[in-house]
Amino acid sequence: MKTVFLNAAKLDFDNKLDFSQLAKLTTVTKYAASSDQEILERVKDQNIVVTKELPVGKDLILQFPPSVKLICEAGTGYNNIDLAAAREKNITVCNVPGYSTEAVAQLAITFMLSLSASLPQQQLMLNQKNYDNFTKHLMVPHFEILNKTLGIIGSGSIGQQVIKVALALGMNILVYNRTHKLWNDPKIKSVSLEELLKQSDFISLHCPLTADTKHIINKDKLSIMKPSAFVINTSRGALIKETDLIEALQAGKIAGAGLDVQDPEPPELDNPLFAMKNVILTPHIGWKPFEARQRLINMMAGNIEAFIQGKPVNVVS
């Protein structure tokens, strides 16, 4: 079997990852990045195509040679791959769920803790040689998250891990899913989206990007949040209508945001979010700890081994 990784540098950007488990199963050819034309050249005679958030649309997939039998997305989200086109070509598509659950949840909690202590503002003041927090009194908001309400939109594996940590920190949890779920813990309650937005001190997004969830947070939804509320997004940028969020932040309609994902990525360098003192902006790092990336490689090897054995797992199409 032959495998080509079309944009390995997206995953192995520091050249520290060990691909030996994968190499035991198949001949592996890695490319740092690939243009559309290079993709078509590089999939020739290959059986397995690996991508990491690389757009692989209908026009490309329909030109794939018959040798390609599996597309493995090296990550959880797979909206970058045209599943209908893959089905038309009888190509199986699989993903790697769960590899970054702890890492992404850790970042979401980090955002909440940092925003509760106004750490972005405090660091900005120091960078500007403003030492008033030291020489006068605390000049920025600072509050406990104990007994605060966390709204979770989407309680999959990452959402549940965030809930687990938030409960340990003494938070109350409201959850919105498309299907109502009962919880055994009295501190967790399933509610409507509107109730969650109205009551939560922090709103953390953990749902996939679909036609139904695109811009699930928009001007109307932002308008019913508390002025003291913070929005956390470690999932997909387009879950939030960014222009509406910027407007709400500029008008003081909500207190701030922690955003590991944007729409588009990377943001334009003149994006107002970069300059906002009440916003933490990171370049989609939730999945990027070394441990999570190595776990991804090993789990991807498991996907490919199962496929070779005729028992595919984590199939999304």
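Contact here means heavy atoms within 4.5 Å, and angles run from 0 to 180 degrees between N-to-C directions. The structure described below is a predicted model.

**Helix 5 and the sheet**

Under that criterion, helix 5, formed by residues 101–116, lies across five strands, namely strands 6, 9, 10, 11 and 12. Its direction makes an angle of about 155 degrees with strand 10. The residue ranges of the elements named in this report are as follows.

| Element | Residues |
|---|---|
| Helix 5 | 101–116 |
| Strand 6 | 149–153 |
| Strand 7 | 172–176 |
| Strand 8 | 188–190 |
| Strand 9 | 202–205 |
| Strand 10 | 230–233 |
| Strand 11 | 256–259 |
| Strand 12 | 279–281 |

The length of helix 5 can be checked against expectation. Because a rise of 1.5 Å a residue is expected, its 16 residues should span 22 Å, and the 23 Å between its end C-alpha atoms agrees with this. Helix 5 is mostly covered, as 12 of its 16 residues are buried. Among the buried residues are Val104, Leu107, Ala108, Phe111, Met112 and Leu115. In an α-helix there are 3.6 residues a turn, so residues three or four places apart point the same way. Burial in helix 5 also includes Thr101, Ser114 and Ser116. After the helix comes Ser118, which has a positive phi, near 50 degrees.

**Sheet architecture**

The sheet is open and has 7 strands in the order 8-7-6-9-10-11-12, paired in parallel. Strand 8 and strand 12 form its edges, each pairing on one side only. On average, neighbouring strands in this sheet are turned by 15 degrees against each other, direction ignored. At one edge, strand 7 and strand 8 run parallel and are joined by 3 bridges. Within this pairing, Leu174 has Lys189 of strand 8 as its bridge partner.

**The surroundings of Asn133**

Asn133 belongs to helix 7, which covers residues 132–135. Is this residue buried or exposed? Its relative accessible area is 15%; because the cut-off for burial is under 20%, Asn133 counts as buried. A polar atom of the Asn133 side chain lies 2.8 Å from the backbone nitrogen of Met139. Leaving aside residues up to four places away in sequence, Asn133 touches Gln122, Met125, Leu138, Met139 and Val140.

**Annotated domain**

An unreviewed UniProt entry places the feature "domain: D-isomer specific 2-hydroxyacid dehydrogenase catalytic" at residues 25–314. In the model, this span is 34% helix and 15% strand, and its end C-alpha atoms are 18 Å apart.

Notes
Residues are numbered from 1 along each chain as its sequence is written. This is a predicted model: local features need pLDDT of at least 70, side-chain atom pairs count only at pLDDT 80 or more; totals for chains, interfaces and linings use all residues. Side-chain values use heavy atoms; hydrogens and water are left out. Helices (H or I, at least four residues) and strands (E, at least two) are DSSP runs, numbered from the N terminus. Buried means under 20% relative accessible area, exposed over 50%, partly exposed in between (1.4 Å probe, protein chains only). A polar contact is a pair of N or O atoms within 3.5 Å; within protein, one must be able to donate a hydrogen and the other to accept it, and residues adjacent in sequence count only if both atoms are side-chain atoms. Two strands pair if DSSP finds at least two bridges between them. The expected span of a helix is 1.5 Å times one less than its number of residues. UniProt positions are given in the numbering used here, feature names are shortened, and annotations may be inferred rather than shown by experiment.
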